Amino acid sequence: MALQQRIFSIKNQQDFEKVALEVFQYQYQNNAVYHEFCTYLKKDAATIKALKDIPFLPIEFFKSKKILDRDATHEDIFTSSGTSGSQVSKHYVKDLRLYEKSFLNGFDQFYGALEDYAVLALLPAYLDRKGSSLVYMANDFIKKSKYPESGFYLNNLKELSQTLQSLEKRKIKTLLIGVSFALLDLAEEFPLQLKNTILMETGGMKGRRKEMIRTELHEILAEAFEVDHIHSEYGMTELLSQAYSKGQGIFSCPSHMHLLIRDPEDALSFLPQQKTGGINVIDLANLHSCSFIATQDLGKQVGSNEFEILGRFDASDVRGCNLMVL
């Protein structure tokens with residue numbers, strides 16, 4: 001079975017570690033930027049025997065380097081949003097089918113078949129924000145949904161409210177996914193009871209509303225829509241996979257993705273459960289870029305594969321979904 005197929009055939013932690021080590025060896029040999037980084041750290045491929053031995057590439061490299069297999073061509077480039085004049089991250093994607101396989105596989109693991117949902121997106125339409133990996137995913141969700149109501153509704157809250165009411169009356173399973181400020185706008189203007197709808201926020205307040213912690217945001221949305229839990233998506237330009245939370249801000253990863261918590265005082269060491277540190281991501285779907293990324297996010301592990309996302313390091317950029325719609 002080819003390496004790409006094995007990435008999406010992982011059944012347990014032992015499988016994950018085996019495939020992750022194979023992906024490391026592939027990227028060490030085929031990715032010039034990552035190879036140079038490992039060499040700088042004096043990490044030779046022959047010495048990497050466990051996940052904790054693998055070097056994690058700082059996420060800032062996506063702003064200054066083309067992180068892609070040697071001599072490979074790319075089908076698309078995903079870009080982060082940024083303030084005027086700021087440097088954005090660029091994720092060169094060799095194979096969009098790999099990204100599609102990743103997000104569909106991940107969604108299915110947490111929520112079941114995507115085709116069974118009406119998908120309503122409070123996000124920019126695809127043609128308005130072509131470089132966004134999140135919008136690309138939502139657009140594909142909408143195309144694969146069997147319901148004609150599926151679509152982008154960012155600038156049409158009244159129609160969205162009417163659509164939600166219609167779907168609720170017919171008891172159709174619905175995914176409402178959107179940036180935080182737009183969900184708050186909907187909550188204020190068109191509150192309604194949602195019994196058959198998954199309400200999923202992707203973050204994103206910068207420039208439109210005051211920043212608030214996730215708990216406060218979720219309390220407001222839960223009250224307005226009379227739901228017990230607000231779901232969340234954790235992803236970024238530099239990844240081709242997403243972690244999901246079904247409530248209380250506790251995130252889990254699909255089988256081909258894992259988070260590790262690094263020591264803020266020693267970037268090459270990792271922390272036990274319940275200790276706050278920097279989030280390192282292993283995203284095996286990043287086969288042709290880099291699967292081992294040290295992010296600027298803070299978090300802690302609270303279970304075997306459960307994590308809290310707590311924010312960002314003070315000096316890090318605001319990026320990803322937060323500025324996507326400005």
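Biologist: What volume does the second largest pocket have?

Modeller: About 250 Å³. Keep in mind that this is a predicted model.

Biologist: Which residues are closest to its centre?

Modeller: F56, R262, A267, L268 and A294 are the closest to the centre of that pocket. The lining has 19 residues.

Biologist: And which elements give two or more residues to that lining?

Modeller: Strands β12 (266-270) and β14 (292-303) do.

Biologist: How do the residues of the lining divide into nonpolar, polar and charged?

Modeller: For the second largest pocket, 11 are nonpolar, three are polar and five are charged.

Biologist: Switching to salt bridges. How many does a search of the whole structure find?

Modeller: Eight. One of them pairs R312 with D297, and their closest N and O atoms are 3.6 Å apart.

Biologist: Where do R312 and D297 lie?

Modeller: R312 is in strand β15 (residues 306-312), and D297 is in strand β14. So the pair ties together parts that are 15 residues apart in sequence.

Biologist: Is D297 buried or exposed?

Modeller: D297 is buried, at 5% relative accessibility. R312 is partly exposed, with a relative accessible area of 29%.

Biologist: Which helices do R6 and E22 lie in?

Modeller: R6 lies in helix α1 (residues 3-7), and E22 lies in helix α2 (residues 13-30). Their side chains form a salt bridge at 2.2 Å, N to O. The two are 16 residues apart in sequence, so their salt bridge ties together separate helices.

Biologist: How accessible are R6 and E22?

Modeller: Both count as partly exposed. R6 has a relative accessible area of 25%. For E22 the value is 27%.

Biologist: What about K52 and D53, where do their side chains meet?

Modeller: In another salt bridge, at 3.5 Å from N to O. K52 is exposed, with a relative accessible area of 59%. D53 is buried, at 18%.

Biologist: Hang on, why does 18% count as buried?

Modeller: Because buried means under 20% relative accessible area. D53, at 18%, falls under that.

Biologist: OK, new topic: strand β2. Which side chains point to which face?

Modeller: They alternate along β2 (residues 76-79). D76 and F78 point to one face and are buried. I77 and T79 point to the other face and are not buried.

Biologist: Which strand do bridges join β2 to?

Modeller: Strand β3 (residues 90-93), by four bridges. The two strands run antiparallel. F78 of β2 has H91 of β3 as its bridge partner.

Biologist: Now cavities. How many of 30 Å³ or more are there?

Modeller: Two, in a search of the whole structure. The second largest has a volume of about 50 Å³.

Biologist: Which residues line the second largest cavity?

Modeller: H91, Y92, V93, K94, D95, L98, L240, A285, H288 and S289.

Biologist: And which element gives the most to that lining?

Modeller: Strand β3, with three residues. In the whole lining of the second largest cavity, five residues are nonpolar, three are polar and two are charged.

Biologist: Last topic, aromatics. How many aromatic pairs are there?

Modeller: The count comes to 20. F24 and Y34 are one pair, and they sit edge-to-face. Their centres are 5.9 Å apart, with 85° between the planes.

Biologist: Which parts does the F24 and Y34 pair tie together?

Modeller: F24 lies in helix α2 and Y34 in helix α3 (residues 32-40), so the pair ties together parts that are 10 residues apart in sequence. F24 is buried, with a relative accessible area of 0%. Y34 is also buried, at 0% relative accessibility.

Biologist: What about Y111 and Y244, how are their rings placed?

Modeller: Their centres are 5.6 Å apart and their planes are at 85°, so this pair is edge-to-face. The pair links distant parts of the chain, 133 residues apart. Y111 is in helix α5 (residues 96-111), and Y244 is in strand β9 (residues 243-245).

Biologist: Are Y111 and Y244 buried or exposed?

Modeller: Both are buried.

Biologist: Which residues do ring pairs link into a cluster?

Modeller: F78, Y99, F103, F107, F110, Y111, Y117, Y136, F141 and Y244. You met F78 earlier, as a buried residue of β2.

How values were computed. Residues numbered from 1 in each chain as written. Predicted model: local features only at pLDDT ≥ 70, side-chain atom pairs only at ≥ 80, totals over all residues. Heavy atoms only, no water. 1 Å grid on protein atoms, 1.4 Å probe; cavity = no way out; pocket = protein on both sides within 12 Å on 5 of 7 lines; lining within 4 Å. Points joined across faces, edges and corners; volume = space filled by probe spheres on them. Nonpolar A, V, L, I, M, F, W, Y, C, P; charged D, E, K, R; others polar. Salt bridge = Lys/Arg side-chain N within 4 Å of Asp/Glu carboxyl O. Buried < 20%, exposed > 50% of the residue type's maximum accessible area, 1.4 Å probe, protein only. Pairing = 2+ DSSP bridges. Phe/Tyr/Trp six-rings, centres within 6.5 Å; stacked < 30°, edge-to-face > 60°.
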